[in-house]
Amino acid sequence: MSYKPTNEDVIAYLYGEMEESERAQIDQYIAEHPEFRTELEEMEGTRVLIGQLEDEEVPSPMTFMAPSGNSEWLYWRKYVAIAASFLLLLTMGKISGINISYDEDGLQAGFGTIQKGLDAETVNQMLQADRSQLVDWVEKNLESVQEDFSGELQNIQASMNEQRTQRPEVPSLSDEDVNKLLDLQKRDLTYQMAQLSEKLTDDYKEIFKELYVNFSDNLETKRLDDLRNIQTAFDNFENATQEKQEEVEDALFNLSREVNGLIESQNNNDKNN
Amino acid sequence: MKEITLMPQTSFLIAAARDGDPVALNQLVKLWYKRIYNFAYKYFTDHDLAMEVTQKTFISMNKNLGSLKDESSFKSWIYRIASNYCHEEIRKQKRKWVFPFMKVQQSKDDQDFIQNTESTWRESNPDQEFAQMELKELLKKALTHLPEEQRMVVIMKEYEGLKIREIAEAMDISENTVKSRLYYALGSLKKLLEQWNINKETIHYEL
């Protein structure tokens with residue numbers, strides 16, 4: 001017989017959670033296999049050992065708060081609350097004498113009896129009255145201002161007339177006196193002008209002098225520079241000419257030598273021939 | 001293994017709580033609070049994380065109780081919620097950046113602790129209560145050594161007494177996967193406990 005219980009079978013057997021038929025099969029296997037019996041016994045022993053671990057004492061368990069027992073009341077509670085608040089509102093309104101009404105004039109609220117506001121017609125009348133009052137006042141004021149103004153004007157005219165009549169009484173100077181005064185002024189003025197011009201000429205003299213000196217200095221240095229430049233130019237020219245001359249001499253010398261050479265070779269040739 | 005006999009009351013309470021009976025709801029919480037807390041505690045070995053998961057689980061339970069079709073599947077349903085919150089916490093913890101040297105420190109502490117306990121056991125007259133406390137710590141430590149998915153299966157099976165089918169439902173995996181995870185988990189635990197010199201004799205000696 002080749003039956004061998006699986007690990008799962010062992011566990012099921014160990015915990016007694018096995019079908020009756022399979023159980024018989026394992027019982028038979030145990031009888032035939034003593035080593036399997038020891039294995040089972042060892043497992044059982046382990047179970048006993050770990051079974052020594054006891055429960056911990058628990059802190060007092062949590063409790064769920066029991067909701068209020070009267071569930072009918074629970075249901076009605078919110079409506080009662082609404083009604084109560086409404087009642088409270090009414091009572092407070094009554095005590096404080098609050099009065100709210102709504103008609104074609106609109107929503108009105110107030111403490112005590114409501115005093116109706118003004119209607120459009122009375123408001124118009126009031127506006128008109130106010131306006132006419134204002135116009136009256138303006139007109140009156142204008143009149144008074146005009147009166148004041150004309151009075152003032154008359155006053156001014158009167159005073160002007162007065163002045164005109166007073167004018168010839170102004171004291172007048174004789175021609176001689178005037179001339180004397182003018183002369184005095186003239187002399188004064190000329191004196192001042194003379195002084196000024198004198199001062200000015202002195203200043204100008206200084207400036208011109210300086211200018212002149214500067215100019216002459218400048219001219220002198222310029223002239224010297226120019227002369228120096230001309231001299232160097234001449235020197236250069238002279239050098240260049242000398243060099244040219246030497247070159248020409250050299251060339252002439254070379255030429256004469258070549259010519260001599262030629263003549264000599266010619267002579268030699270003649271001789272050989 | 002403790003026999004979990006909460007189901008008969010639970011079915012009745014669920015029905016009442018679903019109808020909006022606050023007393024039934026609180027009774028339901030009271031009934032399962034210890035289980036869920038211990039489930040989460042064994043998973044994290046941390047009181048604060050366990051409390052966090054427990055409270056979230058029951059808040060979620062309260063909110064979603066109406067969507068629970070079958071009262072008999074309440075158990076896997078509530079463990080499913082709890083295990084989801086556990087996974088969420090683990091993800092959150094992983095996202096937190098931990099100083100490397102702190103990690104090293106912690107593992108060194110573990111080793112020291114284990115060595116100390118071993119030497120204590122070799123002593124001729126151990127303080128029994130003290131040793132018992134240490135056995136508990138070691139078993140917790142052994143659980144934390146398991147990979148997360150194996151740890152969860154073991155806790156559900158060994159400490160919460162869920163059936164293999166219920167675990168499969170709660171974790172959204174096949175029954176065969178549950179069985180094989182249990183098999184390997186028991187194997188690793190056996191090895192660990194042997195390594196730490198914990199066996200039947202030591203237990204009986206201490207008890």
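A:E17 is partly exposed, with a relative accessible area of 25%, a value that falls between the 20% under which a residue counts as buried and the 50% over which it counts as exposed. The model in which this residue is described is a predicted one. A:E17 sits in the loop that links helix 1 and helix 2 of chain A. Leaving aside residues up to four places away in sequence, A:E17 touches A:A12 of its own chain, and from chain B it touches B:K157, B:L162, B:K163, B:I164 and B:R165.

**Helix 1 of chain A**

Helix 1 of chain A is largely enclosed by the rest of the structure, because six of its eight residues are buried. These buried residues are A:D9, A:V10, A:I11, A:A12, A:Y13 and A:L14, and A:A12 is also among the residues that A:E17 touches. The packing partners of the buried residues come from both chains: helix 2 (20-32) and helix 3 (34-50) belong to chain A, while helix 8 and helix 9 belong to chain B. After helix 1 of chain A comes A:G16, which has a positive phi near 65°.

**Helix 8 of chain B**

Helix 8 of chain B, which spans residues 164-171, is likewise described as largely enclosed by the rest of the structure, since six of its eight residues are buried. The buried set consists of B:I164, B:E166, B:I167, B:A168, B:A170 and B:M171, and B:I164 appears again among the residues touched by A:E17. The cover over these buried residues includes helix 1 (7-14) of chain A, together with helix 4 (74-95), helix 7 (148-159) and helix 9 (175-195) of chain B.

**Two residues with positive phi in chain B**

B:D172 comes just after helix 8 of chain B, in the loop between helix 8 and helix 9. Although B:D172 is not a glycine, its phi is positive. B:T45, which is not a glycine either, also has a positive phi, and its place is in the loop between helix 2 (22-44) and helix 3 (47-64) of chain B. The table sets out the values for these two residues.

| Residue | Phi | Relative accessible area |
|---|---|---|
| B:T45 | about 45° | 27%, partly exposed |
| B:D172 | about 60° | 60%, exposed |

**Chain A as a whole**

Chain A contains six helices and two strands, and read from the N terminus its elements follow the order α-α-α-α-β-β-α-α. Of its 273 residues, 11% count as buried. Among the contacts in chain A with a separation of 6 or more, 26% join residues that are 24 or more positions apart. The chain exposes about 24200 Å², of which 56% is supplied by carbon and sulfur atoms.

**Surface patches of chain A**

On the surface of chain A, a nonpolar patch is formed by A:W73, A:Y75, A:W76, A:Y79, A:V80 and A:I82, which together have about 660 Å² of accessible area. One of these residues, A:Y75, is found in helix 4 (residues 71-96) of chain A. A negative patch is made up of A:D136, A:E139, A:E143, A:E147, A:D148 and A:E152, and of these A:E143 is found in helix 5 (residues 120-166) of chain A. In an α-helix there are 3.6 residues a turn, so residues three or four places apart point the same way.

Note on methods
Residues are numbered from 1 along each chain as its sequence is written. Chains are lettered from A and ligands numbered from 1 in the order in which they are written. This is a predicted model: local features need pLDDT of at least 70, side-chain atom pairs count only at pLDDT 80 or more; totals for chains, interfaces and linings use all residues. Side-chain values use heavy atoms; hydrogens and water are left out. Patches are made of residues with over 30% relative accessible area and no salt bridge: like charges are joined within 9 Å, nonpolar side chains (Val, Leu, Ile, Met, Phe, Trp, Tyr) within 5 Å. Accessible areas come from the Shrake-Rupley method with a 1.4 Å probe; for residues, only the protein chains shown count as cover. A salt bridge is a side-chain nitrogen of Lys or Arg within 4 Å of a carboxyl oxygen of Asp or Glu. Helices (H or I, at least four residues) and strands (E, at least two) are DSSP runs, numbered from the N terminus. Lys and Arg count as positive and Asp and Glu as negative; His and the chain ends are not counted. The place of a charge is taken as NZ of Lys, CZ of Arg, CG of Asp or CD of Glu. Buried means under 20% relative accessible area, exposed over 50%, partly exposed in between (1.4 Å probe, protein chains only). Contact means heavy atoms within 4.5 Å.
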